[in-house]
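Trainee: Please take a close look at one part of this model. I would like to hear how its helices pack.

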Amino acid sequence: RTILREGWSRLLGLITPATNPIVKSVDREETNDVVVERIVLEVEPGIIIPLVVMQARDERSDPLPVVIAVADLGKQKFLAARPDAVSTWLEAGCAVCLPDLRGTGETGAGSSHGPRSTGTTLSCRDQVLGQTLLGSRLRDLRSVLLFLRTRKGLEKKVALWGDSLATLNPPERSEVVPYGVDNPNVQAEPSSGLLVLLTALFEDHVNAIYARGTFASFRSLLDSQFLYVPHDSVVPGALTVGDVADIAAALVPRPLRVECPVDGSNRGVPIDEVAETFAPASQAYRMANASEQFSLNVTGQDDSALWLADQMKR
């Protein structure tokens, strides 16, 4: 774990929060069932992170466990796509935090991730300056964790949910499409799943991790010259420090569920290939007598939100 932390710190750039985040504004709304707070954090000078914190309107004396959910498209799209998951966490007695990290949701520069998009330009700029957008988002998420630790009524330990809302490209559809021609293939959204794995690598108090739609491996990006992944999700030199499965292995024995991993063409990966790719993680959990804490699925499971809530109760 120490070796991976050192290696990824070198590749990602600055990932440690510079200062304690400053609350710029708070808007509180109460309904019959839920308390919703819309908060704006300044995590560093000029960098604003909007977030929503929700909890059931119950009088409780015990601190609430916290689930932080992130998606590349932001909190509004996540709420629209995963309302049942949010309801499950609230009903289970968890507080739910949905932040728009740098370049996502309200802080994004549009939904396009193509070669000429603003997001790609910003990601390229960061890399030229020795930083990565993924590293900046990791710093933002760690700042959100710092903020939540100061909140009364919330537990110090949290669960992380990193989600992709992108549809998969079918295997029968060719990835070979000339540039400038209408392309039916869509890009993957692997960054959020990768982000929660990296956050758990650097933050020991993360209690459980769920990653959906992230890379099965960085190695898979070398299988074809045609890539359907955002520029900000590709970390130069990643394979010199380890692959996705190595990060997962370093999280043992914490509960970890990985679902719907994709390759560089945004296609689902067969279960036998996924099992082989994640063999280091499976072995690490098995050697720690924690095999039941690690699960790997090539399709989304209906009970994933409940699984995460159960881990927090434990």
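Mentor: What follows goes through one helix, its partner, and the next helix along. This is a predicted model, so local features need pLDDT of at least 70, side-chain atom pairs count only at pLDDT 80 or more, and totals for chains, interfaces and linings use all residues. Residues are numbered from 1 along each chain as its sequence is written, and side-chain values use heavy atoms, with hydrogens and water left out.

Start with helix H4, residues 118-128. Helices (H or I, at least four residues) and strands (E, at least two) are DSSP runs, numbered from the N terminus. In H4, Thr-120, Ser-123 and Asp-126 are buried, with buried meaning under 20% relative accessible area (1.4 Å probe, protein chains only). Viewed down the axis of H4, its buried residues fall within an arc of 125°, so they line one face of the helix. That arc is taken over the directions from the helix axis to the C-beta atoms. An α-helix has 3.6 residues a turn, so residues three or four places apart point the same way. Just after H4, Gly-130 takes a positive phi of about 85°.

What do the buried residues of H4 pack against? They pack against helix H5, residues 133-149. Contact here means heavy atoms within 4.5 Å.

H5 also packs with helix H6, residues 191-202. Their angle is about 60°, and their axes are 10 Å apart. Axes are lines fitted to C-alpha atoms, for helices over the stretch in contact, and angles run from 0 to 180 degrees between N-to-C directions. That angle makes H5 oblique to H6. Angles under 35 degrees count as roughly parallel, over 145 as roughly antiparallel, 65 to 115 as roughly perpendicular and the rest as oblique. The crossing of H5 and H6 is right-handed, meaning that the near helix is turned clockwise from the far one by less than a right angle.

Now the residues. H5 brings Leu-134, Arg-137, Leu-138, Leu-141, Arg-142 and Leu-145 to the contact. H6 brings Ser-191, Leu-194, Leu-195, Leu-198, Thr-199 and Phe-202. By class, the contact of H5 with H6 has 8 nonpolar, 2 polar and 2 charged residues. Ala, Val, Leu, Ile, Met, Phe, Trp, Tyr, Cys and Pro count as nonpolar, Asp, Glu, Lys and Arg as charged, and the others, Gly among them, as polar.

In short, H5 takes the buried residues of H4 and also packs with H6.

Notes:
Buried means under 20% relative accessible area, exposed over 50%, partly exposed in between (1.4 Å probe, protein chains only).
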